[in-house]
Amino acid sequence: DAGESWTYRYANEYLGSIQFINQNIGWAVGGDIMFPYSIIYKTSDGGLTWDYKLFYTSNLFEEVFFIDENNGWVCGEGGVIYNTTNGGGDWILQSDSTIYQPLKKIKMIDKNIGFATGVFGTILKTKNGGMTAIGDENLSLGIVNNYLLSQNYPNPFNPSTKLSYSI
């Protein structure tokens, strides 16, 4: 009914993200920081039932992203990134141990190229699906302290306007 009505499903923990790749198959992630664990739920019947995997860690999962039925990633607190290549049957820790900032979002363009973002301007990029650490993939931009937008006077005789700026 295009979202006019909703069916309530209960989970005992915080859930930070949900993604469906079709009308039946989806995942949700979250956890509980009081009893430190993270959780990944999976449904194959459109959300009627959910199977789950527990991870006994204080690094709460925040985001899940799958590009197909088999290949997916989760990210979370402590800079953790996990990957699966078998639909969530097994998860492999991928994150670089030098990244301690909480990661909030992860998106993949394909099996190799993707980005994760987090607090304090953290941006991570992978060109190999995250399987090995690449030093230049941590593109932490920091916080912008100063910026300048130069004066702009539109020219009514020119359909385009150029803006000069510096950060």
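**Figure 1. Met34 and its loop in the predicted model.** Met34 sits in the loop that runs between β2 and β3 (37-43), and the structure shown here is a predicted model. Is Met34 buried or exposed? With a relative accessible area of 69%, Met34 is exposed, because that value lies over the 50% cut-off. Met34 also belongs to a nonpolar patch on the surface, which Ile33 and Phe35 complete. Together, Ile33, Met34 and Phe35 offer about 410 Å² of accessible area.

**Figure 2. The largest nonpolar core.** Let us turn from the surface to the interior. Which residues make up the largest nonpolar core? There are twelve in all: Ile25, Trp27, Val29, Ile40, Phe55, Phe61, Val64, Phe66, Val74, Val80, Tyr82 and Trp91. Two elements, β2 (26-32) and β5 (61-66), each give two or more residues to this core. The largest share comes from β5, with three residues. Apart from this core lies another, made of nine residues, including Cys75, Ile81, Leu103 and Met108.

**Figure 3. An open sheet built around β5 to β8.** Here is a closer look at the strands themselves. Four strands form an open sheet in the order β5-β6-β7-β8, and their pairing is antiparallel. Which strands lie at the edges of this sheet? They are β5 and β8 (92-93), each of which pairs on one side only.

**Figure 4. The pairing of β5 with β6.** This view stays with two neighbours from the previous legend. How many bridges join β5 and β6? Strand β6 covers residues 72-76, and its antiparallel pairing with β5 runs over five bridges. Within this pair, Glu63 stands opposite Cys75 of β6. Cys75 may look familiar from Figure 2, as one of the residues in the core of nine.

**Figure 5. The whole chain, for orientation.** To place the close-ups, it helps to step back. How many helices and strands does the protein have? It has zero helices and 13 strands, so read along the sequence the pattern is β-β-β-β-β-β-β-β-β-β-β-β-β, with helices and strands taken as DSSP runs. Of the 167 residues in the protein, 34% are buried. The accessible surface comes to about 10900 Å², and carbon and sulfur atoms account for 56% of that area. Among contacts between residues at least 6 apart in sequence, 29% join residues that are at least 24 apart.

Notes. Residues are numbered from 1 along each chain as its sequence is written. This is a predicted model: local features need pLDDT of at least 70, side-chain atom pairs count only at pLDDT 80 or more; totals for chains, interfaces and linings use all residues. Side-chain values use heavy atoms; hydrogens and water are left out. A nonpolar core is a set of buried Ala, Val, Leu, Ile, Met, Phe, Trp, Tyr and Cys residues joined through side-chain atoms within 4.5 Å. Buried means under 20% relative accessible area, exposed over 50%, partly exposed in between (1.4 Å probe, protein chains only). Contact means heavy atoms within 4.5 Å. Accessible areas come from the Shrake-Rupley method with a 1.4 Å probe; for residues, only the protein chains shown count as cover. Two strands pair if DSSP finds at least two bridges between them. Patches are made of residues with over 30% relative accessible area and no salt bridge: like charges are joined within 9 Å, nonpolar side chains (Val, Leu, Ile, Met, Phe, Trp, Tyr) within 5 Å. A salt bridge is a side-chain nitrogen of Lys or Arg within 4 Å of a carboxyl oxygen of Asp or Glu.
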